[in-house]
Amino acid sequence: MRCPVVSVNLCVWNPDPRFFREAVQSVLSQTFGDWELVIVEDPSERTGRTIIADLLADDRIRYICNSKRTGLIAQR
């Protein structure tokens, strides 16, 4: 298992298509390369997975979708 120097945790619920994609792309565009992005999503009407489906091919992104709403503290 890879152990990056930096882990970025992005907690998501009902993500806005524009801003969620921009947030993920912002992390992807960093010049420092030894990182992972851990996206933890609580279920809602909109799913973040479909918004960034093309970006999930990057192996530095870990995407977790909870089966029920847990709230921000539990997501972290």
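I began with the pairing of strand 1 (residues 6–13) and strand 2 (residues 35–42), which in this predicted model run in the parallel sense over 8 bridges. Looking for a register point, I found C11 opposite V40 in strand 2. I then followed the chain between these strands and noted that strand 1, helix 1 (residues 17–28) and strand 2 form a β-α-β unit, whose hand is right-handed.

Next I looked up the largest nonpolar core, and I recorded 12 residues in it: V12, F20, V24, V27, W35, L37, I39, I51, I52, L55, I61 and Y63. Helix 1, strand 2 and strand 3 (61–65) each contribute at least two residues to this core. As a general point, I kept in mind that nonpolar side chains tend to be buried together in soluble globular proteins.

I turned to Y63, a member of that core, and listed its contacts beyond four places in sequence: I39, E41, T47, G48, R49, I52 and L56. Of these, I39 and I52 are also core members.

My last entry concerns L28, which lies in helix 1. Why is L28 partly exposed rather than buried? Its relative accessible area is 22%, and buried would require under 20%, so L28 counts as partly exposed. With residues up to four places away in sequence set aside, I found L28 touching W35, L55, D58, R60 and I61, and among these W35, L55 and I61 belong to the core. For L28 and L55, which are 27 residues apart along the chain, I noted a C-alpha separation of 9.0 Å.

Note on methods
Residues numbered from 1 in each chain as written. Predicted model: local features only at pLDDT ≥ 70, side-chain atom pairs only at ≥ 80, totals over all residues. Heavy atoms only, no water. Pairing = 2+ DSSP bridges. Helix = DSSP H or I, 4+ residues; strand = E, 2+ residues; numbered from the N terminus. Right-handed = clockwise from strand over helix to strand, strands pointing away. Core = buried A, V, L, I, M, F, W, Y, C linked by side-chain atoms within 4.5 Å. Buried < 20%, exposed > 50% of the residue type's maximum accessible area, 1.4 Å probe, protein only. Contact = heavy atoms within 4.5 Å.
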